[in-house]
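Student: I have the sequence and the coordinates open, and I would like to talk through how the parts fit together. Could we go step by step?

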Amino acid sequence: MSERERKEKAESECRLGAKFEKSGKIDEAIEAYLRAVAEYPAHKKANYRLAELYEEKGELIKSSHHMDMAMHGGPANIPKYPKKAPVKKAVEPVPDKRKIPTIEPKITYSRKIDPQNEERLNTREDKKVRGLLPLTGDNFFGGFESLKEIQRKAVPLILQGRNVLAISSTASGKTEAVFAPLAERLIQEGWLGLSIIYISPTRALISDIRQRLETVLSPLGIRVAQRDGDIKDFDESNPQEVLVTTPESLDSMICWKKHQLNSVKVVVIDEVHMLDGSYRGDQLQILLRRLRREVGIKFNVCAMSATIGKPERTAARFMPSPNIVESKGGRGIEYHITPTLEDSLIWARQNNCSKILVFCNSPKDAETIASNTLKYYFPADSVRVHHGKLEKEMRKETEAFLREAKTAVCACTSTLEVGVDIGDVDLVILYSIPKSVASLAQRIGRSNRRGSYISVAAVGKGGLADYYRNVLDTILFGKFEPADETFDPSVIIQQILSCLASGSRGFGFFSDIFKDICSTEDLKSIVTHLMDKKYILEENGMLSEGPATKGLGPKIYSNIAGYEQNLVIEASTGMPIGHVELPVDNIFILSGQAWSVKKKEENKIIVEKVDRRADVAKFSTYEQNGAFHNMLPDQLKSRKLITEVK
């Protein structure tokens, strides 16, 4: 092969490495750059990128080697005289005898936000509430000296079988407040079969939520299943007690798996403010009605929400006779944004942080940084790993070590977000950007749970640093405006077709299902329109599925419009950036830059680069109309229905 051909092949590998790097696949990028260097050792760009990437990973000898190759045109030209080691190389990785690095870490931004309403201890009430949970209390709260206010308020009501909307700030213990009493009831009352349905607000969070629940419920003998568009491991012959699912998957089950739902005792709605006011929330309202009237079961509803205005309005849409419990308390936050993981670790050492969680998004990342970077700054015997691919006994061993050790640094994934007793944690480091604001909130919530301040270090440059700054500035105390008292009429189309998929119905059935939501006149116009378009048929006063509906297939259970067709466009330039699936947070990362959503157009999201003036981080779908909107009669396409919920 000629030198020109080798250069061309190396250039091709270098471009591939850049693509991997841009999409966050750092290990694949390094492999591509190494192939480029192997093909043509003097390739300057590949060597420069390897030098920078190895430096970020803490492999400083490799970094120095490739920097030399980049500067001198390959290994053969590197001067043979001895070089002085960079300052960072001066820290000798001697276990148990390391000195705190003397170099100052680079801190892009720091801020400390005081608690707005600091929670007060109530030892007497804590003892009373713990006494109500003899079987599950230790699993959920054994690692904490005191309970949170939301837990003291919610636990007794849920044990009494009340419908509850639990409202409190981010990372304040809502999940434990709801699931500790539900698990207690499940065991004490001997619930059999599928007993608890957990509704996740987004498909992207399903797997994480399932793992978090499994971690704390499995030791109690309570099994958790998942059912969504990607995974369906619900065992119909021996149903798990808890099912994590989406509104769309629940819709399908009501149609075809009614017998599996006969034993349901409770429906839990996570982060209900993410659903309320959207067509997915409107769909869930109807599904809860169908569970009661079509499946014929009685059940409680427990919903969780961040701070929200007019909670009575939200609660009334999802449950009868709601009990609203709200906690005004919450911790403050002290955070630092650093350009590299090394900077965060140096800061942690210099500030005497002895127990640290480093959150990653994949087991591979966790294993890599644990075996390299963490052991460079901390004694090897203090470093641990925790992720879902480890055997259960290995995870338990790590958890016990974290509880008992004075010095412990753990590279982990979402398996340590909630529910696992690991004692108090001095610092949470966000090495990888969490999948959503919800996941970020869970991760930082593990820090300093017995103290007044959450302590966080986030690793990121450029737009990612801006993202962390905006989200961390507002995540604890953001307040969400209540949804308007409207109902998306496209949901009526979708629900009529969903109901008819499993059998004929009379018009009176739909009048009952949509009572106080849709007038008889509007409902008749929708049914007549669907009959004209052959989506439904009428015979002897009964409505049934028409030939046009059969072509829709499983799409009838979902009203989500165009997951793959949302083009992101920069407002100032009109340039396309890429595609994202909905729903997304109003601040999200794409192409290495943080973007803030300005508006949603048909199949397009208009954004601007995040800066210090970005809006408060919150949960939103940014979808104006459901997938069935175009099937509405013309007179209903331009308006929402006004509900009578007060």
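Student: Which residues in α1 meet α2?
Tutor: Good place to begin, and do keep in mind that this is a predicted model. On the α2 side, the partners are Ile-26, Glu-28, Ala-29, Ala-32, Tyr-33, Arg-35, Ala-36 and Glu-39. The residues in α1 that meet them are Arg-6, Lys-9, Ala-10, Glu-13, Cys-14, Leu-16, Gly-17, Ala-18, Phe-20 and Glu-21.

Student: How many residues of that contact of α1 with α2 are nonpolar?
Tutor: Let's set the others aside to get there. The contact has seven charged residues and one polar residue. The nonpolar residues number 10.

Student: Is α1 roughly parallel or antiparallel to α2?
Tutor: Helix α1 covers residues 3-22 and helix α2 covers residues 26-39, and their axes are 8 Å apart. The packing angle is about 170°. Angles over 145 degrees count as roughly antiparallel. Therefore α1 is, relative to α2, roughly antiparallel.

Student: Moving on to the chain as a whole, what percentage of its residues is buried?
Tutor: The chain has 22 helices and 24 strands. Of the contacts with a separation of 6 or more, 72% come from residues 24 or more positions apart. Among the 646 residues, the buried share is 56%.

Student: How many residues of helix α13 are buried?
Tutor: Helix α13 spans residues 341-350. Its buried residues are Leu-341, Glu-342, Asp-343, Ser-344, Leu-345, Ile-346, Trp-347, Ala-348 and Arg-349. The helix is largely enclosed by the rest of the structure because the buried count, out of 10 residues, is nine.

Student: And which residue just after α13 takes a positive phi?
Tutor: Look just past the end of that helix. With a phi of about 60°, the residue is Asn-352.

Student: Which residues stand opposite Cys-412 in β12?
Tutor: Two strands run parallel to β12: β10 (residues 355-359) is joined to β12 by five bridges, and β11 (residues 383-386) by four. From β10, the residue opposite Cys-412 is Phe-359. From β11, the residue opposite Cys-412 is His-386.

Student: Which residues are buried on each side of β12?
Tutor: Strand β12 runs over residues 408-412, and five of its five residues are buried. Both faces are covered. One side has Ala-408, Cys-410 and Cys-412, and the other has Val-409 and Ala-411.

Student: In what order do β16, β17 and β18 lie in their sheet?
Tutor: Start from the edges: β16 (505-506) and β17 (536-539) each pair on one side only. Strand β18 (residues 542-545) is joined to β16 by two bridges, and these two run antiparallel; within that pair, Arg-505 stands opposite Leu-543. The open sheet therefore has its edge strands β16 and β17 around the order β16-β18-β17.Student: At what angle does helix α18 run to β18?
Tutor: Helix α18 consists of residues 490-501 and lies across β16, β17 and β18. Its angle to β18 is about 90°.

Student: What kind of aromatic pair do Tyr-376 and Tyr-377 form?
Tutor: Tyr-376 is buried at 13% relative accessible area, and Tyr-377 is buried at 3%. Their ring centres are 5.1 Å apart and their planes are at 70°. Planes over 60 degrees apart count as edge-to-face, so the pair is edge-to-face.

Student: What is the angle between the planes of Phe-140 and Phe-141?
Tutor: A search of the whole structure finds six aromatic pairs. Phe-140 and Phe-141 form a tilted pair, 6.3 Å centre to centre. Phe-140 has a relative accessible area of 6% and Phe-141 one of 1%, and both are buried. The angle between their planes is 45°.

Student: Is Tyr-198 buried or exposed?
Tutor: Tyr-198 is found in strand β3, residues 196-199. Leaving aside neighbours within four places in sequence, its contacts include Phe-179, Leu-243, Val-268 and Met-304. Its relative accessibility is 2%, and under 20% counts as buried, so Tyr-198 is buried.

Student: Which residues does Asp-126 touch, beyond those up to four places away in sequence?
Tutor: Asp-126 lies in helix α5, residues 123-131. Its relative accessible area is 4%, so Asp-126 is buried. The residues Asp-126 touches are Ser-146, Leu-147 and Arg-152.

Terms used. Residues are numbered from 1 along each chain as its sequence is written. This is a predicted model: local features need pLDDT of at least 70, side-chain atom pairs count only at pLDDT 80 or more; totals for chains, interfaces and linings use all residues. Side-chain values use heavy atoms; hydrogens and water are left out. Axes are lines fitted to C-alpha atoms, for helices over the stretch in contact, and angles run from 0 to 180 degrees between N-to-C directions. Angles under 35 degrees count as roughly parallel, over 145 as roughly antiparallel, 65 to 115 as roughly perpendicular and the rest as oblique. Contact means heavy atoms within 4.5 Å. Ala, Val, Leu, Ile, Met, Phe, Trp, Tyr, Cys and Pro count as nonpolar, Asp, Glu, Lys and Arg as charged, and the others, Gly among them, as polar. Two strands pair if DSSP finds at least two bridges between them. Buried means under 20% relative accessible area, exposed over 50%, partly exposed in between (1.4 Å probe, protein chains only). Rings of Phe, Tyr and Trp (its six-membered ring) pair if their centres lie within 6.5 Å; planes under 30 degrees apart count as stacked, over 60 as edge-to-face and the rest as tilted.
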